[in-house]
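Please read the report below alongside the sequence and the coordinates. It moves from the chain as a whole to single residues and their surroundings.

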Amino acid sequence: MSGGPAGDGSGPEKAPADGDLSARLKRLETQLEGKRPNAAPDKLARTGSSGGAAPLGQAMRLSTEFIAGVIAGGILGYIVDHLLGTKPWGMIVLLMLGFVTGIYNVMRVSGFSAKKN
């Protein structure tokens, strides 16, 4: 159990130098890059965040897009009603139009309504 002389394989081996490890690591990386298929960049990889941050950010963006459409429709409806005296029809029509626009924006941002060629 005391170990044999160096070189017979039974004792502890000498650790390789750091330079040798770095060279082997760089060689391995270049070999892996050559064998790895080229993939399209992932949307999550572009954001630079991992885990739960990217889905949470996307959920916040989708909800903001929807709410912005509804609020914009409501404000425009109020302005049209106030200027033209068409209460409550301008508000009803433009609020519904804002709702539809909000749904369209959510579908567009999420990639659900991608054009098919």
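The sections that follow describe the fold, the surface, the charged pairs and the contacts of selected residues.

## Overall architecture

This is a predicted model, and the values given here are computed from its atoms. The secondary structure of the protein chain consists of 4 helices and 0 strands, so that, by the DSSP runs used to assign elements, the order from the N terminus on reads α-α-α-α. Two of these helices recur throughout the report, namely helix α3, which covers residues 53–84, and helix α4, which covers residues 89–110.

The protein chain has 117 residues, of which 11% count as buried. Its accessible surface comes to about 9900 Å², and carbon and sulfur atoms account for 65% of that area. When contacts between residues at least 6 apart in sequence are considered, 47% of them join residues at least 24 apart.

## A nonpolar patch on the surface

Ile67, Ile71, Ile75, Leu76, Tyr78, Ile79, Leu83 and Leu84 together make a nonpolar surface patch of about 840 Å². One of these residues, Leu84, belongs to helix α3, and Leu84 is classed as exposed because its relative accessibility is 62%, where the cut-off for that class is over 50%.

## Salt bridges

The structure holds 2 salt bridges. In one of them the side chains of Arg36 and Glu33 meet at 2.8 Å, taken from N to O. The partners fall into separate accessibility classes, since Arg36 is partly exposed at 45% relative accessibility, whereas Glu33, at 51%, counts as exposed.

In the other salt bridge, the side chains of Arg61 and Glu65 come together at 3.9 Å, again from N to O, a value that lies within the 4 Å limit for a salt bridge. Arg61 and Glu65 are 4 residues apart in helix α3, and therefore about one helical turn separates them. Arg61 is partly exposed, with a relative accessible area of 47%.

## Asp81, a buried acidic residue

Which side chain of opposite charge is nearest to Asp81, and how far away is it? Asp81 has its place in helix α3 and is buried, yet it has no salt bridge, the nearest side chain of opposite charge being that of Lys87 at 7.2 Å. That distance is beyond the 4 Å limit, which is why the pair of Asp81 and Lys87 is not counted as a salt bridge.

The side chain of Asp81 does, however, reach a backbone atom, namely the nitrogen of Gly90, at 2.9 Å. If neighbours within four places in sequence are left aside, the residues in contact with Asp81 are Thr86, Lys87, Pro88, Trp89, Gly90 and Met91.

## The loop between α3 and α4

Pro88, one of the residues that Asp81 contacts, is found in the loop between α3 and α4. The peptide bond that leads from Lys87 to Pro88 is cis, with omega near -10°. As background to this assignment, most peptide bonds are trans.

## Residue pairs across helices α3 and α4

Gly77 lies in helix α3 and is buried, because its relative accessible area is 0%, against a cut-off of under 20% for that class. Not counting residues up to four places away in sequence, Gly77 touches Gly90, Met91 and Leu94; Gly90 and Met91 are also among the contacts of Asp81. The C-alpha atoms of Gly77 and Gly98 are 9.4 Å apart in space, while the two residues are 21 residues apart in sequence.

Two residues of helix α4 can be described in a similar way. Met96 lies in helix α4 and is exposed, with a relative accessible area of 53%; from C-alpha to C-alpha, Met96 and Gly73 are 7.3 Å apart, although 23 residues apart in sequence. Ile103 also lies in helix α4 and, at 34% relative accessibility, counts as partly exposed. The C-alpha atoms of Ile103 and Val70 are separated by 9.3 Å, and these residues are 33 residues apart along the chain.

Key
Residues are numbered from 1 along each chain as its sequence is written. This is a predicted model: local features need pLDDT of at least 70, side-chain atom pairs count only at pLDDT 80 or more; totals for chains, interfaces and linings use all residues. Side-chain values use heavy atoms; hydrogens and water are left out. Patches are made of residues with over 30% relative accessible area and no salt bridge: like charges are joined within 9 Å, nonpolar side chains (Val, Leu, Ile, Met, Phe, Trp, Tyr) within 5 Å. Accessible areas come from the Shrake-Rupley method with a 1.4 Å probe; for residues, only the protein chains shown count as cover. Buried means under 20% relative accessible area, exposed over 50%, partly exposed in between (1.4 Å probe, protein chains only). Lys and Arg count as positive and Asp and Glu as negative; His and the chain ends are not counted. A polar contact is a pair of N or O atoms within 3.5 Å; within protein, one must be able to donate a hydrogen and the other to accept it, and residues adjacent in sequence count only if both atoms are side-chain atoms. Contact means heavy atoms within 4.5 Å.
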